[in-house]
Amino acid sequence: MKSLQDKSFLFVVFDIHNGGGGERVTANMVNHYLAKGCAAEILSFGKRTEKPIAGLNGKARIHYLSTSSNKLIQKIQTIIRIKSFLKRHQYTYVIGIGSYPSFVLGLVNNKESVFIGTEHSHYYNAGVVWNYLRRFAYPRLSAIVVLTQHDLPILKAINNKTYVIPNAQTFAPSSYTSYMNHRFLAVGRMDRYKQFGQMIDIFHEFVKRDHSWELVIIGNGELFDNLQEQIKEMDLEDQVKIKSYSHHIEQEYLEASVLLSTSRREGLPMVMIEAMSYGLPVIAYDCKTGPSDIIIHRQDGFLIPLDDKEEMLKCMLDIAGDDELRSWMSQCAIADSKRFSPESVYPQWDALFEELAH
C-alpha cells in the first residue's frame, strides 16, 4: 500500500467544541493522521470558543465558518462559506463527520478532492425530510461510511460506494476492572431514548433479590432531575447514584463490573466499546443498530429483546450471582474489544483512502 504521507485531510464537523461522539472521533482521526506525518485539519461550522477540545493534538489546525445562530441563516451561510473555503484550500480528502456535514459536502462537491460522508447514528434516526435530502446529496459523494451492518444496504442503495468502518477506541486501558466490584454502570445522555427510568425500575426489582449491588448512572440531560426524584420515591438513594458526565470516565469503568444499557436506539455506542476494553461485560437491549455489532451474546455480554424487562432482570441476577461467569465474561470483553482498537480500525480507513485515490 502506498504511503499516505503526501496526502492532506480535512475533517468537517458541526461544532468541534461540542464534545460529543462525532467530535471525539474527529479528534482521534486527526491525531492519527498527524502522527503518520500527514496534513490533517478541522473545519467547524460553529464559532471559535474557549471550551477545550478533549484529546485533540495541540498542533492540529482548526478553521471556523462562524455561522449565524439563526438556523435558516446558518444553513445558507454554511453552504456559501464552505464552498468559498474549499476554493481557497486544497485537500486530498474531505470527510464529513455526521449526517449534516456530509449532506453539505454533497451539495458543494468538487472534482479537486475526494469527498466522503459518514453516518454516526442509524439511518432512520432522522425524519422523512432529512432522509429525502440525504438521498439527493449523498450520490454526489465519492463514498459513504456507516457504523453498522444494518445500515449498509440502506446507504448502498443511495451510493454504491458505501462501507462499514466502526469507530476506534478512544483510549487504551493501562489497567482493568476487578470483576468483584458489586456495581452496575450506565453512561449516556439522560433523555427518553436511553430509558434510564426503566433501568431504575428493573434495578428496584433486582435489589429485592440481591441487596449487595449498586447502580451508578453517569450523564447529563433534561431528565436528570426526574431520575433523581424517581430514585428518592423508590427509596433507592443508598444504592442508585446519578453523576454528571466528566472527562474522567476511565475511573468509573475501573470501579464497576457490568455495563447496562436500556436504550431503544443507538448508532454504534462508544461507551460499550470502551467499557468492554476495561473488562466490563455489557447487558443491553438489542435495539435496531449498535449493540449487536459489539456484543457477542453470552460471551462478552447479553443481548436482550427490546423492552424485555424480565429478561434484563434475569441476566443481571445471573451475572451478579456467579463470580466465575463474571470473570470469564470480563476476559472475553477485553479480548473482543480489540476488534475496535485503532490498530484494527485505521487500516480500514487507510485502505479506503487508497482505493478512492485511484
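# Exercises on a predicted model

An open sheet of seven strands, paired in the parallel sense, follows the order E3-E2-E1-E4-E5-E6-E7. The structure is a predicted model.

## Exercise 1: The edges of the sheet

Determine which strands stand at the edges of the sheet and why one side of each is left without a neighbour.

*Solution.* Step 1. The order of the strands reads E3-E2-E1-E4-E5-E6-E7. Step 2. Strand E3 (61-64) and strand E7 (162-164) stand at the edges; each has a single partner strand, so one side of each lacks a neighbour in the sheet. Step 3. From one strand to the next, the twist averages 25 degrees. Step 4. For E3, the pairing with strand E2 (residues 39-44) is parallel and comprises four bridges. Within this pairing, Tyr 64 of E3 is the bridge partner of Ser 44.

## Exercise 2: Helices on the sheet

Identify the strands that helix H2 touches and those that helix H13 lies across.

*Solution.* Step 1. Helix H2 (residues 71-88) packs on the sheet and touches strand E1 (8-13), E2, E3, strand E4 (93-96) and strand E5 (114-118). The direction of H2 makes about 170 degrees with that of E1. Step 2. Helix H13 (residues 342-356) lies across E1, E4, E5, strand E6 (143-146) and E7. With respect to E5, H13 runs at about 140 degrees.

## Exercise 3: Gln 169 and a pocket

Decide whether Gln 169 is buried or exposed, and describe the second largest pocket, whose lining includes this residue.

*Solution.* Step 1. Gln 169 is placed in the loop between E7 and strand E8 (183-187). Step 2. Its relative accessible area is 8%. Since buried means under 20%, Gln 169 is buried. Step 3. Among the residues that Gln 169 touches are Asn 28, Met 270, Lys 338, Phe 340 and Pro 342. Step 4. The second largest pocket has a volume of about 250 Å³. Of its 16 lining residues, Gln 169, Phe 171, Ala 172, Pro 342 and Glu 343 lie nearest the centre. Step 5. H13 gives the most to this lining, with three residues. By class, the lining has eight nonpolar, six polar and two charged residues.

## Exercise 4: Strand E11 and its partners

State which way the residues of strand E11 point and how many bridges join E11 to E8 and to E12.

*Solution.* Step 1. From strand E11 (residues 258-261), Val 258 and Leu 260 point one way, while Leu 259 and Ser 261 point the other way; all are buried. Step 2. E8 and E11 run parallel and are joined by two bridges; Phe 184 stands opposite Val 258. Step 3. E11 and strand E12 (residues 282-285) also run parallel, joined by three bridges. Here Ser 261 stands opposite Ala 284 in E12.

Methods
Residues are numbered from 1 along each chain as its sequence is written. This is a predicted model: local features need pLDDT of at least 70, side-chain atom pairs count only at pLDDT 80 or more; totals for chains, interfaces and linings use all residues. Side-chain values use heavy atoms; hydrogens and water are left out. Two strands pair if DSSP finds at least two bridges between them. Axes are lines fitted to C-alpha atoms, for helices over the stretch in contact, and angles run from 0 to 180 degrees between N-to-C directions. Contact means heavy atoms within 4.5 Å. Buried means under 20% relative accessible area, exposed over 50%, partly exposed in between (1.4 Å probe, protein chains only). On a 1 Å grid over the protein atoms alone, a cavity is a set of points where a 1.4 Å probe fits but cannot get out, and a pocket is an open set with protein on both sides within 12 Å along at least five of seven lines; lining residues have an atom within 4 Å of a point. Grid points are joined across faces, edges and corners, and a volume is the space filled by probe spheres set on the points. Ala, Val, Leu, Ile, Met, Phe, Trp, Tyr, Cys and Pro count as nonpolar, Asp, Glu, Lys and Arg as charged, and the others, Gly among them, as polar. Lists of a residue's contacts leave out its neighbours within four places in sequence.
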